[in-house]
Amino acid sequence: MLDGIGGTWLAIAAMRFALGSFFVLSGVPKLANKERHKTFVETLRDLGIPRIGILQWFVPGVEFLGGLGVAVGFLTPLAALGLLVICSVALLTNSPTVVASYKPIDPGDRVEGYQIGRAHV
């Protein structure tokens, strides 16, 4: 749509800035807020993630620096790769727990005859 008026770069830059900002805002509390950092470490421990001593700082550091890199366009492929790895590990380790703990608030969110994780026959 914007290509005809020469605005493609603007749309890509805006999306890159928005996505990068999301990761920056996700990493900062884990680095700067003691309570949030403690919760993050407990989550890593509960999931059985090894080398917590390093990863408790590495993961939010990559979120912050990788997000900053994506947002401003500095070493974007490398920053995006770091974020991809962190998101993939989070998806494979934490998502099953989150999905299993899902409890709908609104009756309209419930699906009759179906339970998260397995179908009822």
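## Surface patch, helix crossing and salt bridge

Leu68 counts as partly exposed, because its relative accessibility is 38%, a value that falls between the limits of 20% for buried and 50% for exposed. The structure described here is a predicted model, and Leu68 lies in its helix α3. Leu68 is one of the residues of a nonpolar surface patch of about 1000 Å². The other members of this patch are Leu65, Val72, Phe74, Leu75, Leu78, Leu81, Leu84, Val85 and Val89. Two helices, α3 (52-72) and α4 (76-93), each contribute at least two residues to the nonpolar patch. The largest share is that of α4, with five residues.

The secondary structure of the protein consists of five helices and two strands. Read from the N terminus, the order of the elements is α-α-α-α-α-β-β. The protein has 121 residues, of which 22% count as buried.

Leu75, a member of the nonpolar patch, is located in the loop between α3 and α4. The backbone of Leu75 has a positive phi of about 50°, although the residue is not a glycine. A positive phi is also found at Arg51, where the angle is near 55° and the residue is again other than glycine. Most residues other than glycine have a negative phi. Arg51 is placed in the loop between α2 and α3. With a relative accessible area of 65%, Arg51 is exposed, since the limit for this class is over 50%.

The two helices on either side of the loop that holds Arg51 are α2 and α3. Two packed helices are described by the angle between their axes and the distance between the axes. For helix α2 (residues 34-46) and α3, the axes come within 10 Å and cross at roughly 125°. This angle makes α2 oblique to α3, because it lies outside the range of 65 to 115 degrees for roughly perpendicular axes and is not over 145, the limit for roughly antiparallel ones. The handedness of the crossing of α2 and α3 is right-handed.

Helix α3 also takes part in a salt bridge, through Glu63. Side chains of opposite charge can pair when their charged atoms come close. A search of the whole structure returns one salt bridge. In this salt bridge the side chains of Lys30 and Glu63 meet at 3.0 Å, N to O. The pair links distant parts of the chain, with Lys30 in helix α1 (residues 8-32) and Glu63 in helix α3, 33 residues apart. Lys30 has a relative accessibility of 7% and therefore counts as buried. Glu63 likewise counts as buried, because its relative accessibility is 7%. For both assignments the limit is a relative accessible area under 20%.

In helix α4, which supplies the largest share of the nonpolar patch, Cys87 is also found. The relative accessible area of Cys87 is 35%, so this residue is partly exposed. Cys87 and Val59 are 28 residues apart along the chain, and their C-alpha atoms are separated by 10.0 Å.

Methods: Residues are numbered from 1 along each chain as its sequence is written. This is a predicted model: local features need pLDDT of at least 70, side-chain atom pairs count only at pLDDT 80 or more; totals for chains, interfaces and linings use all residues. Side-chain values use heavy atoms; hydrogens and water are left out. Patches are made of residues with over 30% relative accessible area and no salt bridge: like charges are joined within 9 Å, nonpolar side chains (Val, Leu, Ile, Met, Phe, Trp, Tyr) within 5 Å. Accessible areas come from the Shrake-Rupley method with a 1.4 Å probe; for residues, only the protein chains shown count as cover. A salt bridge is a side-chain nitrogen of Lys or Arg within 4 Å of a carboxyl oxygen of Asp or Glu. Helices (H or I, at least four residues) and strands (E, at least two) are DSSP runs, numbered from the N terminus. Buried means under 20% relative accessible area, exposed over 50%, partly exposed in between (1.4 Å probe, protein chains only). Axes are lines fitted to C-alpha atoms, for helices over the stretch in contact, and angles run from 0 to 180 degrees between N-to-C directions. Angles under 35 degrees count as roughly parallel, over 145 as roughly antiparallel, 65 to 115 as roughly perpendicular and the rest as oblique. A crossing is left-handed if the near helix is turned anticlockwise from the far one by less than a right angle, and right-handed if clockwise.
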